[in-house]
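Reader: I've got a new model open and I'd like to practise reading it feature by feature. Can you walk me through it?

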Amino acid sequence: EIADAANVSVKTLFVYFRSKEDLVFTDTWLLDLCLDALRQRPAGTSPDGAIAAALVKALEDGGQAVSEGIEGFHRGYGSSAALHSRLLRMWEEYEERITAALAAEAGIAATPAMRLEAIRLVGMLRSLTYPEVRAAVAGLSPADGLAYLRDWLLAAGRG
């Protein structure tokens, strides 16, 4: 259906996408947000703090109830094993790109410490999709859900 809508053959479609699951995860806004936050952070701001602040701003600018967004994520991706597998691969790609950004900033080759830092930063992102967060914001008003996530992210960003 997607190939037909794009007026290309299925074979051509899969030249650009490795799998059907890759069609779901084409938007890189979240990775771009994180990389921009790292590159543009003020002197003295930790990578954790920069990404936490960027995520809080994205949530505040989203204009959607936090609980609805998290529920929508779970409805769309949470129960599909194939999409879960692709999502794990996406997080791994985020780790690669963030590790490279940290190395570029330091002007040296990536180190194990940089990889661990990237894993921690991606962990902060991933945690927003976890069942515990889903339960914590369930039933909260949009303002209270946003306040909960803002406080949590800013605390996580302080290390």
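Author: Sure, let's begin with burial. A residue is called buried when its relative accessible area is under 20%, exposed when that area is over 50%, and partly exposed in between. Keep in mind that this is a predicted model. With that cut-off, 35% of the 159 residues of the protein count as buried.

Reader: And what about the surface, how much of the accessible area belongs to carbon and sulfur atoms?

Author: The accessible surface of the protein comes to about 9,400 Å², and carbon and sulfur atoms hold 56% of that.

Reader: Next, the fold. Which elements does the chain run through from the N terminus on?

Author: Helix after helix: the order reads α-α-α-α-α-α-α-α-α-α. In total there are 10 helices and zero strands. To see how the chain comes together, look at contacts with a separation of 6 or more: 66% of them link residues 24 or more positions apart.

Reader: Now the charged side chains. Why would they pair up at all?

Author: Opposite charges can pair when the charged atoms of the side chains come close. In this model, a search of the whole structure turns up seven salt bridges.

Reader: Let's take one. What does the Asp48 and Arg120 pair tie together?

Author: The two side chains form a salt bridge, 3.0 Å from N to O. Asp48 sits in helix 5 (residues 47–62) and Arg120 in helix 8 (residues 112–127), so the bridge links parts that are 72 residues apart in sequence.

Reader: Is Asp48 buried or exposed?

Author: Buried, at 6% relative accessibility. Its partner Arg120 is partly exposed, with a relative accessible area of 41%.

Reader: Which other residue forms a salt bridge with Arg120?

Author: Glu117 does, with the closest N and O atoms 3.3 Å apart. This one is local: Arg120 and Glu117 are three residues apart in helix 8, about one helical turn. Glu117 counts as buried, at 18% relative accessibility. Through shared partners, salt bridges join Asp48, Glu117 and Arg120 into one network.

Reader: Helix 8 also holds Arg115. What does the side chain of Arg115 meet in a salt bridge?

Author: The side chain of Glu96, at 3.1 Å from N to O. Glu96 lies in helix 7 (residues 81–106) and Arg115 in helix 8, so this pair ties together parts 19 residues apart in sequence. As for accessibility, Glu96 is partly exposed at 43%, and Arg115 is partly exposed at 28%.

Key:
Residues numbered from 1 in each chain as written. Predicted model: local features only at pLDDT ≥ 70, side-chain atom pairs only at ≥ 80, totals over all residues. Heavy atoms only, no water. Helix = DSSP H or I, 4+ residues; strand = E, 2+ residues; numbered from the N terminus. Buried < 20%, exposed > 50% of the residue type's maximum accessible area, 1.4 Å probe, protein only. Contact = heavy atoms within 4.5 Å. Areas by Shrake-Rupley, 256 points an atom, 1.4 Å probe, with all protein chains shown as cover. Salt bridge = Lys/Arg side-chain N within 4 Å of Asp/Glu carboxyl O.
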